[in-house]
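Thanks for asking me to look this one over. Here are my notes, set out as numbered points so you can follow along with the structure open.

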Amino acid sequence: KTPWIILSGHRPMYSSSSALQKPNSRNASYDLDNGQWWPDVEDLLVKYQVDLCLWGHVHNAEQTCPLINGRCVKPSAPGGYDAPVHAVIGNGGQSLSPHCLPQTACCCSSD
C-alpha cells in the first residue's frame, strides 16, 4: 500500500498571494490565457487520492486545510481520505510576495 501520494508543481492552485486578486492582469494571474487550468487537475488529485501538493512560484510559505473546490473538507469516515493539502514552499532565496488582507478562507497558516 502506498502511504503517501505527493504532487509537486510550479504555479499553485491555492494561495493568498495578492497576485491572485488581479485576474485581468496577464502577468499576475495563475490561470492560463484560455481559462482556469486547475479544476481538471483537482478532479484527478481527488480521484487518485493525492495527499499533499507542493507548489512554488509565490515567494512565501503557506499551507491549507484539505481542500476541494476551495473549501475545507473532512473525511466521510474516520481515517478516510479527505482531500489534498496544498503547501506553497516558494520562500527560499527571494523577496517575499505580499499576502492579501484578510487571508482567504482556505488558508490555514502562512509565514
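**Notes on the fold and selected residues**

1. Read along the sequence, the protein chain follows the pattern β-α-β-β-β-β-β-β. That gives one helix and seven strands. Please keep in mind as you read that this is a predicted model.

2. A word on the chain as a whole. It has 111 residues, and 32% of them count as buried. Among contacts in the protein chain with a separation of 6 or more, 76% are between residues 24 or more positions apart. Several of the points below give examples of residues far apart in sequence, with the distances between them.

3. Let us start with helix α1, which covers residues 38-47 and includes Glu42. Is Glu42 buried or exposed, and what is the nearest side chain of opposite charge? Glu42 is buried and has no salt bridge. The nearest side chain of opposite charge belongs to Arg71, at a distance of 9.9 Å, whereas a salt bridge would need the charged atoms to be within 4 Å.

4. What does Glu42 touch, then, once its neighbours within four places in sequence are left aside? Its contacts are Met13, Tyr14, Leu67, Ile68 and Asn69. I would display these five residues together with Glu42 when you look at this part of the model.

5. Two other residues of helix α1 are worth a look. Pro39 sits in this helix and is partly exposed, because its relative accessible area is 29%, between the 20% and 50% limits. Its C-alpha atom is 8.9 Å from that of Met13, although the two residues are 26 apart along the chain. Met13 is also one of the residues in contact with Glu42.

6. Lys47 belongs to helix α1 too. Lys47 counts as exposed because its relative accessible area is 59%, and the cut-off for that label is over 50%. Between the C-alpha atoms of Lys47 and Ala83 the separation is 9.6 Å, with their positions 36 residues apart along the chain.

7. Moving on to strand β3, residues 61-64, we find Glu62. Its relative accessible area is 7%, so Glu62 is buried, the limit being under 20%. The C-alpha atoms of Glu62 and Ile89 are separated by 7.0 Å, and these residues are 27 apart along the chain.

8. Please check the backbone at two loop residues. Most residues other than glycine have a negative phi. Gln49, however, has a positive phi, near 50°, and lies in the loop between α1 and β2 (52-55). Asn69 has a positive phi as well, near 55°, and its place is the loop between β4 (67-68) and β5 (71-72).

9. How exposed are these two residues? Gln49 is partly exposed because its relative accessible area is 43%. Asn69 counts as exposed because its relative accessibility is 53%. Asn69 is also among the residues that Glu42 contacts.

10. Finally, a pocket. The second largest one has a volume of about 180 Å³. Its lining is made up of Lys1, Thr2, Pro3, Ile5, Gln49, Asp51, Gly79, Gly80 and Tyr81. By class, three of the lining residues are nonpolar, four are polar and two are charged. Gln49, with its positive phi, is thus met again here as one of the lining residues.

Key
Residues numbered from 1 in each chain as written. Predicted model: local features only at pLDDT ≥ 70, side-chain atom pairs only at ≥ 80, totals over all residues. Heavy atoms only, no water. 1 Å grid on protein atoms, 1.4 Å probe; cavity = no way out; pocket = protein on both sides within 12 Å on 5 of 7 lines; lining within 4 Å. Points joined across faces, edges and corners; volume = space filled by probe spheres on them. Nonpolar A, V, L, I, M, F, W, Y, C, P; charged D, E, K, R; others polar. Helix = DSSP H or I, 4+ residues; strand = E, 2+ residues; numbered from the N terminus. Buried < 20%, exposed > 50% of the residue type's maximum accessible area, 1.4 Å probe, protein only. Lys, Arg positive; Asp, Glu negative; His and termini not counted. Contact = heavy atoms within 4.5 Å.
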